[in-house]
Amino acid sequence: MMLQKMILMWVLILSLIMSMSSSYWFTLWMTLEINMMVFIPMMNSKNFLSSNSMMYYYIIQSLSSSLFFFSSLMSYYYFNQIFTYIMMISMLIKIGSAPFHTWYPQISEGLSYFSFFILSTLQKTIPLNIISIINNHYIMLFIFMSAIMGSLGGYNQMSLKKILAFSSISHLSWMLTLILTSQYFWLMYFLIYMMILLKIVFFLSSNNYMYMNDMNCMKMSIFNKMYLLTLFLSLGGMPPFLGFFSKWISITFIVNKFPMILVILIMSSLVNLFFYIRIMFPMIMNINNIMKSPLINSKYTSFNFLIINFMMIIMIVPLMFFV
């Protein structure tokens, strides 16, 4: 199984490299298909929920790929703006942007944390690259909807995967806005988001946390609590953590071109930060569960993340002088 996953992961990364190295529609469509067919076996967890998720994912991705192929073919023969618009919509369906987001949290619930991380990060790379090539201002409507639905959708959720899925939709609005303002800076935002999400997913998966109640009831050391709090605050963009610096640089790009969109983005980030803190608050206040837990691994993990956090800050701060 490990060898199979390594081979599939290698082919998936190869498809991403191919997509970033080409601007031809047919090559991009081919990489989309390779990417989809490689990821579907990786979704299998040998249970009923994962089987449903595989079926839903295949139907939705096939529909969006067919729309993209049809619209790209028609735009080659007929130079009409409507076909470019259909291409953009097909990519928005693929990445789960609002109002085409309803499939994304439902599929995420039936996946393992490893598959959920790939769905939330690597599977969005090729569609975002295609959207950056199209770079159409009609996307602003979908940015508004993604920011609002990403923040309000996770407000009443108890499942950690659904909360992270709606959080991903909210972060998607920042990346789409950066595509309109700066064609390549969205990659830096995306890489920082991917690194933070990887740490969160690894921690939740290793401790088998699926719902908010699991985190409140199980015993957790003070170092693990501070580590998880740091991760969620960084994901929400709280200073002085790593996620704040990516949003700070993003604001300097967006404020001169789309100030109204920036207001919506900041408000949605505040709502996201609220339900991140809501996850952590009962666990931190449960003082009885602080003691009696092995501290060596958790201390190393916390220290490891803090070192990475400050190293990335040192790398990002000089970019302020070029903005």
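**Figure 1. Helices α8 and α9 are roughly antiparallel to each other (an angle over 145 degrees).** In this predicted model, the axes of α8 (residues 140–153) and α9 come within 7 Å and cross at roughly 155°. Axes here are lines fitted to C-alpha atoms, for helices over the stretch in contact, with angles from 0 to 180 degrees between N-to-C directions. Helices themselves are DSSP runs (H or I, at least four residues), numbered from the N terminus. The α8–α9 crossing is left-handed, that is, the near helix is turned anticlockwise from the far one by less than a right angle. On the α8 side, the contact (heavy atoms within 4.5 Å) is made by Met140, Ile143, Ser146, Ala147, Met149, Gly150, Ser151 and Gly153. Their partners on α9 are Phe166, Ser167, Ile169, Ser170, Ser173, Leu176, Thr177 and Leu180. By class, that gives 8 nonpolar, 8 polar and no charged residues. Nonpolar covers Ala, Val, Leu, Ile, Met, Phe, Trp, Tyr, Cys and Pro, charged covers Asp, Glu, Lys and Arg, and the others, Gly among them, are polar.

Some ground rules: residues are numbered from 1 along each chain as its sequence is written, and side-chain values use heavy atoms, with hydrogens and water left out. Local features need pLDDT of at least 70 and side-chain atom pairs count only at pLDDT 80 or more, while totals for chains, interfaces and linings use all residues.

**Figure 2. Helix α9 meets α13 at an angle.** The axes of α9 (residues 160–181) and α13 (residues 242–254) come within 10 Å and cross at roughly 45°. That makes the pair oblique, the class for angles that are not under 35 degrees (roughly parallel), over 145 or 65 to 115 (roughly perpendicular). This crossing is left-handed. His171, Trp174, Thr177, Leu178 and Thr181 of α9 meet Lys247, Ser250, Ile251, Phe253 and Ile254 of α13. Sorted by class, the contact holds 5 nonpolar, 4 polar and 1 charged residues.

**Figure 3. Helices α6 and α9 run roughly parallel to each other.** The axes of α6 (residues 113–120) and α9 come within 11 Å, crossing at roughly 10°. Tyr113, Phe116 and Ser120 of α6 pair up with Leu160, Lys161, Leu164, Ala165 and Ser168 of α9 to make the contact. The tally is 5 nonpolar, 2 polar and 1 charged residues.

**Figure 4. Leu176 sits in the largest nonpolar core.** Such a core is a set of buried Ala, Val, Leu, Ile, Met, Phe, Trp, Tyr and Cys residues joined through side-chain atoms within 4.5 Å. This one has 91 residues, and Tyr57, Leu128, Leu176 and Leu204 have the most contacts inside it. Leaving aside neighbours within four places in sequence, Leu176 is in contact with Leu92, Ser97, Leu128, Ile131, Ile139 and Ile143.

**Figure 5. Ser246 is a buried residue of α13.** Its relative accessible area is 5%; buried means under 20%, exposed over 50% and partly exposed in between (1.4 Å probe, protein chains only). Not counting residues up to four places away in sequence, Ser246 touches Phe185, Tyr189 and Ile192.

**Figure 6. Leu67 of α3 is partly exposed.** Leu67 has a relative accessible area of 29% and lies in α3 (residues 48–77). Leu67 and Ser90 are 23 residues apart in sequence, yet 5.9 Å apart in space, C-alpha to C-alpha. Beyond residues up to four places away in sequence, Leu67 touches Ile86, Ser90 and Ile93.

Definitions and conventions:
Helices (H or I, at least four residues) and strands (E, at least two) are DSSP runs, numbered from the N terminus.
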